[in-house]
Amino acid sequence: MSQWTKHDLLDLEDLSKDELELILTTAKSFREVSSRDVKKVPALRGKTVVMLFFEPSTRTRISFELAAKRLSADTLNVAASSSSLSKGETILDTAKNIEAMNVDAIIVRHSCAGIPKVLADNLGPSIINAGDGCRAHPTQALLDIFTMKDKKGRIEGLNVGIVGDILHSRVARCNITALNKLGANVTVCGPSTLMPVGVEKLGVQVSYDVDDVISKSDCLMLLRIQKERQEDKFLPSIREYAKKFGINKERLKKAKKDLLIMHPGPTNRGVELTADVADGEQSVILEQVTNGIAVRMAVLFLLLGTKEE
Ligand code: CP
């Protein structure tokens with residue numbers, strides 16, 4: 001097993017199979033902290049973690065904040081809309097001012113791909129990508145894979161179907177990268193207009209038949225249809241998408257009994273999946289959220305807690 005040497009977490013492309021496995025193992029050891037009466041360990045006492053989110057978030061922001069707090073770090077949220085960015089300051093200047101206050105990590109989400117890399121290239125604190133444009137969302141993919149491994153006992157040889165808007169999905173891209181490194185078989189499925197040209201070069205099977213993908217999968221990851229992008233006319237209508245690709249109880253009759261239904265959230269009930277599937281016994285959507293805290297504790301601990309002082 002490798003020792004951790006990375007300073008930032010920008011993309012899972014940058015990590016080896018051993019490093020991915022080290023995060024998963026570390027997350028497993030932290031999971032029980034959240035079920036204690038006193039949900040805290042002193043691992044990051046004295047460290048300061050800043051959340052700098054330029055896009056809305058429920059799960060990722062709260063989960064990172066809870067993860068940092070449960071490791072005893074001090075946390076701070078910077079709301080981009082009420083910072084001096086609104087007065088014309090650049091993102092880099094804002095981040096350099098935060099750095100000047102001697103923080104240890106900046107967790108950043110931005111609609112532009114590459115912003116976390118710009119910050120990592122120019123700043124001293126560890127930079128953690130909490131989602132950049134359509135490019136990467138590494139901790140989401142890690143918590144997805146942690147959940148798969150927890151439920152199935154392995155990743156090697158698992159058949160994972162990813163259904164929906166593959167073109168715009170940073171979650172799909174990151175999952176494909178890591179699942180391939182860990183030996184899973186990935187099939188992507190969705191409307192042809194939402195499938196990146198040359199996607200098979202990423203090492204995935206491509207299917208346009210969701211029923212076929214359902215019948216062969218061990219884990220089915222549904223992606224949010226990004227309604228904010230539909231003015232670009234990628235789909236005839238949301239209703240059409242739901243009819244052709246939406247997962248409902250009828251469709252699940254063809255699935256393996258122990259198929260896992262997964263979704264990174266936020267879900268559009270009635271679009272990617274029906275409410276009874278979202279809340280059904282095969283759904284692990286809320287377990288993914290719970291596991292996200294342990295995974296983010298592991299990431300923060302490896303980046304900040306294992307450095308020589
Ligand atoms: N899955 C995810 O990134 O959710 P949020 O946008 O709520 O953070």
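This passage looks at the salt bridges and at the packing of helix 4 in a predicted model.

The model holds 17 salt bridges. One of them brings together the side chains of Arg 135 and Asp 11, with N and O 3.3 Å apart. Arg 135 sits in the loop between strand 4 and helix 5, while Asp 11 belongs to the segment before helix 1, so the contact ties together parts that are 124 residues apart in sequence. The two partners differ in burial: Asp 11 is buried at 7% relative accessible area, whereas Arg 135, at 30%, is partly exposed. The pair also doesn't stand alone, since Asp 11, Asp 132 and Arg 135 are linked in a network of salt bridges.

Another bridge joins Asp 150 to Arg 31, at 3.1 Å from N to O. Here helix 5 supplies Asp 150 and helix 1 supplies Arg 31, and 119 residues separate the pair. Asp 150 is partly exposed, with a relative accessible area of 33%, and Arg 31 is partly exposed as well, at 29%.

Helix 4 has a salt bridge of its own, between Lys 117 and Asp 121, whose closest N and O atoms are 2.9 Å apart. These residues are four places apart in the helix, about one turn. In an α-helix, residues three or four places apart point the same way, because there are 3.6 residues a turn. Lys 117 counts as partly exposed at 42%, and Asp 121 is exposed at 53%.

As for burial in helix 4, the residues concerned are Ile 115, Pro 116, Leu 119 and Ala 120. Viewed down the helix axis, they fall within an arc of 135°, so they line one face of the helix. Their packing partners are helix 3, strand 3 and strand 4.

Conventions:
Residues numbered from 1 in each chain as written. Predicted model: local features only at pLDDT ≥ 70, side-chain atom pairs only at ≥ 80, totals over all residues. Heavy atoms only, no water. Buried < 20%, exposed > 50% of the residue type's maximum accessible area, 1.4 Å probe, protein only. Helix = DSSP H or I, 4+ residues; strand = E, 2+ residues; numbered from the N terminus. Arc of directions from axis to C-beta. Contact = heavy atoms within 4.5 Å. Salt bridge = Lys/Arg side-chain N within 4 Å of Asp/Glu carboxyl O.
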